[in-house]
Amino acid sequence: MENPLCPSSVLSAFPDVFLKRMEMDLLQRFEAYVASEKKIEPKDWMPDAYRKTLIRQISQHAHSEIVGMLPEGNWISRAPSLKRKAILMAKVQDEAGHGLYLYSACETLGVQRDDTIADLHSGKAKYSSIFNYPTLTWADMGAVGWLVDGAAIMNQVPLCKCSYGPYARAMVRVCKEESFHQRQGFQIMMTLAQGTEDQKAMAQDALNRWWWPSIMMFGPPDDNSPNSAQSMAWNIKRFSNDELRQKFIDLTVPQAELIGLTIPDADLKWNEETGHYEHGPIDWAEFNRVIAGHGPCNKERLAARNKAWDDGAWVREAAGAHAEKRAARKAASNTAAA
């Protein structure tokens with residue numbers, strides 16, 4: 001079926017007097033198109049607010065993948081075996097790839113990758129609050145994989161049905177790889193929980209420190225989430241923050257029980273009537289503090305990313321110079337052939 005949404009460039013061909021009426025008509029067609037579960041592609045007309053929402057979300061998602069490499073990369077050389085080192089290195093490499101997919105998807109919306117990265121480095125753009133916590137022991141690699149990647153999967157699988165085509169398609173591969181990361185993390189925690197008393201205590205300590213930040217990964221409660229309603233109306237998001245948080249808790253608590261670890265929530269209990277676990281109060285003051293840049297590792301993470309960008313300048317310059325020379329040789333060859 002032909003997409004009824006015309007490219008934005010077509011609007012410039014009409015006099016201003018028609019633009020308002022035309023945009024209202026396009027908006028109605030856009031909303032009907034999205035409601036029918038069809039995909040919006042880069043050249044389709046879209047509301048400015050839709051485009052801005054996607055740029056914000058996709059760029060922040062990309063930033064999170066890149067910054068998320070830092071707490072894990074720190075443990076590659078200290079993993080307890082060669083096999084563990086290789087697995088962790090592959091995982092960090094996957095995260096780099098996820099960032100590249102997402103930056104590419106974001107560029108289809110008309111922004112430059114360097115500009116979005118500059119926003120990250122300046123502190124203007126946000127990334128997932130979870131990566132502003134330190135990884136203190138090897139067990140943290142298990143907790144990050146099991147809880148953080150588990151929460152990410154819960155968030156990201158619905159994005160495979162996002163209304164924006166490039167984002168949805170990128171998420172298919174991302175989610176497949178994240179599922180391996182989650183299982184790898186759970187396997188680390190299970191191995192530690194079945195080990196010595198000290199190893200089990202290490203696993204429990206990691207769970208204690210990462211549980212609540214993982215719960216906060218789903219964002220603020222629905223009644224305090226200003227962007228959720230519109231994102232859901234546009235089929236960018238498919239479930240609310242609280243719905244996803246509840247699904248994650250319901251899935252993860254039995255996993256902890258299976259390996260003999262205790263969720264650090266004294267108020268946690270199963271509700272037979274609702275078929276869900278009830279949990280204790282979440283410290284949203286901490287969440288807001290970390291988002292505002294005052295978490296344990298905010299400054300460290302941004303400093304590391306800025307240093308990596310500066311240290312890699314010569315690589316980007318060399319790649320650019322090579323591309324220019326290659327293009328010049330090709331142009332010269334084409335001219336000679338003509």
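Start by selecting Phe218: this residue is buried, and its relative accessible area is 3%. Keep in mind along the way that you are looking at a predicted model. For orientation, Phe218 sits in the loop between H8 and helix H9 (228–233).

**Next stop: Phe248**

Add Phe248 to the selection. Is Phe248 buried or exposed? With a relative accessibility of 1%, Phe248 is buried, since the cut-off for that label is under 20%. Now show both rings: the centres of Phe218 and Phe248 are 5.5 Å apart and the planes meet at 50 degrees, so this pair is tilted. Because Phe218 belongs to the loop after H8 and Phe248 to helix H10, the contact ties together parts that are 30 residues apart in sequence.

**Then Trp211**

Stay with Phe248 and bring in Trp211, which is buried at 1% relative accessible area. How many aromatic pairs does the model have by the ring-centre rule? The count is ten aromatic pairs. For Trp211 and Phe248, the ring centres lie 6.0 Å apart with the planes at 25 degrees, so the pair is stacked. The cut-off behind that label is planes under 30 degrees apart. Colour helix H8 (residues 197–216), which holds Trp211, and helix H10 (residues 241–258), which holds Phe248; the pair therefore ties together parts that are 37 residues apart in sequence.

**An aromatic cluster**

Clear the selection and pick Phe30, Trp45, Tyr50 and Trp234. What links these residues into a cluster? Ring pairs do, so to speak, the joining: Phe30, Trp45, Tyr50 and Trp234 are connected through them.

**A loop residue: Ser163**

Now select Ser163, found in the loop between helix H6 (139–156) and helix H7 (165–193). Ser163 is buried, with 2% relative accessible area. Draw a distance from its C-alpha to that of Asn235: the two atoms are 5.3 Å apart in space, while the residues are 72 apart in sequence.

**Last stop: a charged patch**

Finish on the surface, with Lys325, Arg326, Arg329 and Lys330 selected together. Which charge does the patch formed by these residues carry? Lys325, Arg326, Arg329 and Lys330 form a positive surface patch. Zoom in on Lys330, a residue of helix H13 (residues 313–337). Lys330 counts as exposed because its relative accessibility is 57%, and the label applies over 50%.

Technical notes. Residues are numbered from 1 along each chain as its sequence is written. This is a predicted model: local features need pLDDT of at least 70, side-chain atom pairs count only at pLDDT 80 or more; totals for chains, interfaces and linings use all residues. Side-chain values use heavy atoms; hydrogens and water are left out. Patches are made of residues with over 30% relative accessible area and no salt bridge: like charges are joined within 9 Å, nonpolar side chains (Val, Leu, Ile, Met, Phe, Trp, Tyr) within 5 Å. Accessible areas come from the Shrake-Rupley method with a 1.4 Å probe; for residues, only the protein chains shown count as cover. A salt bridge is a side-chain nitrogen of Lys or Arg within 4 Å of a carboxyl oxygen of Asp or Glu. Lys and Arg count as positive and Asp and Glu as negative; His and the chain ends are not counted. The place of a charge is taken as NZ of Lys, CZ of Arg, CG of Asp or CD of Glu. Helices (H or I, at least four residues) and strands (E, at least two) are DSSP runs, numbered from the N terminus. Buried means under 20% relative accessible area, exposed over 50%, partly exposed in between (1.4 Å probe, protein chains only). Rings of Phe, Tyr and Trp (its six-membered ring) pair if their centres lie within 6.5 Å; planes under 30 degrees apart count as stacked, over 60 as edge-to-face and the rest as tilted.
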